[in-house]
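Biologist: Please choose one part of this model and examine it closely for someone new to the structure. I should like to see how that part is built into its surroundings.

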Amino acid sequence: MEPTRNCPLFGGAFSAILPPGAIDVSDLRPVPDNQEVFCHPVTDQSLIVELLELQAHVRGEAAARYHFEDVGGVQGARAVHVLSVKPLCLDNLSLRGCCQDAWFLSGKQQVAKENQQVAKDVTLYQALLRLPQYQTDLLLTFNQPPSNSRSLGPENLSCPPWSLGNFEQLVTSLTLHDPNIFGPQ
């Protein structure tokens, strides 16, 4: 099994530890400039790191809920349900020097994939890291589909499904190297 690796993000402006087997989706299809998207080689799991405009009109737990509902709207979710929202300890983050506020949300969204009529419950874990000095909300999302459409037979055991621990490592290891990514301050 391939070990976790520290990977440059956004042209090297950030880096983070990605879980084993992470495939850069931009090698497969276009991805917006404000996103880094990775998929699991066997399961339908995905990880997204997004640089978003700071939503200063919402604060605290409400900001995490706002972004969760916004993602649901963008994905055409038929239903969104927040399971929990908790503050993240800033001391555990590599971004603690510039992150003013951080939240961890878990929830479910009922989403139909493109060209499919049946919506499935997808579990989402999100970490919202608020960087007001850069007018940025950093949103990290771990999509956990209900079951894998692909076989997890012996030939695929070399890359087991990602865990919540893998996502937490991504969140805590995210490091800013070049603040110029945010433009002139």
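Modeller: V37 stands opposite I48, a residue of strand β5, and this strand is the part I have chosen. Residues are numbered from 1 along each chain as its sequence is written. The model is predicted: local features need pLDDT of at least 70, side-chain atom pairs count only at pLDDT 80 or more, and totals for chains, interfaces and linings use all residues, while side-chain values use heavy atoms, with hydrogens and water left out. Strands (E, at least two residues) and helices (H or I, at least four residues) are DSSP runs, numbered from the N terminus.

On one side, β5 (residues 46–53) runs antiparallel to β4 (residues 35–39), to which five bridges join it; two strands count as paired if DSSP finds at least two bridges between them. Besides the match of V37 with I48, Q35 has E50 of β5 as its bridge partner. A hairpin of six residues carries the chain from β4 to β5. On the other side, eight bridges pair β5 with β9 in the antiparallel sense. There I48 stands opposite T141 of β9. I48 is thus placed opposite V37 and also opposite T141.

These pairings belong to an open antiparallel sheet of seven strands, ordered β3-β4-β5-β9-β8-β7-β6. Its edges are β3 (23–24) and β6 (79–87), each of which pairs on one side only. Helix α2 (residues 164–173) packs on this sheet and touches β5, β7 (101–111), β8 (120–131) and β9 (136–144). Contact means heavy atoms within 4.5 Å. The direction of α2 makes about 165° with that of β9, where axes are lines fitted to C-alpha atoms, for helices over the stretch in contact, and angles run from 0 to 180 degrees between N-to-C directions.

β5 is largely enclosed by the rest of the structure, because six of its eight residues are buried. Buried means under 20% relative accessible area, exposed over 50% and partly exposed in between, with a 1.4 Å probe and protein chains only.

E53, which lies in β5, is exposed, with a relative accessible area of 61%. Leaving aside neighbours within four places in sequence, E53 is in contact with Q135 and D137. Its C-alpha atom is separated by 9.7 Å from that of L131, 78 residues apart along the chain.

In strand β4 one finds E36, which is buried at a relative accessible area of 13%. Beyond the neighbours within four places in sequence, the residues in contact with E36 include L47, I48 and V49, as well as L9 and F10. A polar atom of the E36 side chain lies 2.6 Å from the backbone nitrogen of F10.

β5 also contributes to a core. A nonpolar core is a set of buried Ala, Val, Leu, Ile, Met, Phe, Trp, Tyr and Cys residues joined through side-chain atoms within 4.5 Å. The largest has 33 residues, of which F14 and F167 touch the most other members. At least two residues each come from β1 (5–9), β2, β5, β7, β8, β9 and α2, and the largest share, four residues, comes from β8. In soluble globular proteins, nonpolar side chains tend to be buried together.

F14 is buried, with a relative accessible area of 1%. Not counting residues up to four places away in sequence, F14 touches L51, L138 and F182, among others. The rings of F14 and F182 form an edge-to-face pair, because their centres are 6.1 Å apart and their planes stand at 85°. Rings of Phe, Tyr and Trp (its six-membered ring) pair if their centres lie within 6.5 Å; planes under 30 degrees apart count as stacked, over 60 as edge-to-face and the rest as tilted. This pair links distant parts of the chain: F14 is in strand β2 (residues 14–18) and F182 in the segment after β10 (175–176), 168 residues apart. F182 is buried too, with a relative accessible area of 15%. Ring pairs also gather F10, F14, Y134 and F182 into a cluster.

How values were computed. A polar contact is a pair of N or O atoms within 3.5 Å; within protein, one must be able to donate a hydrogen and the other to accept it, and residues adjacent in sequence count only if both atoms are side-chain atoms.
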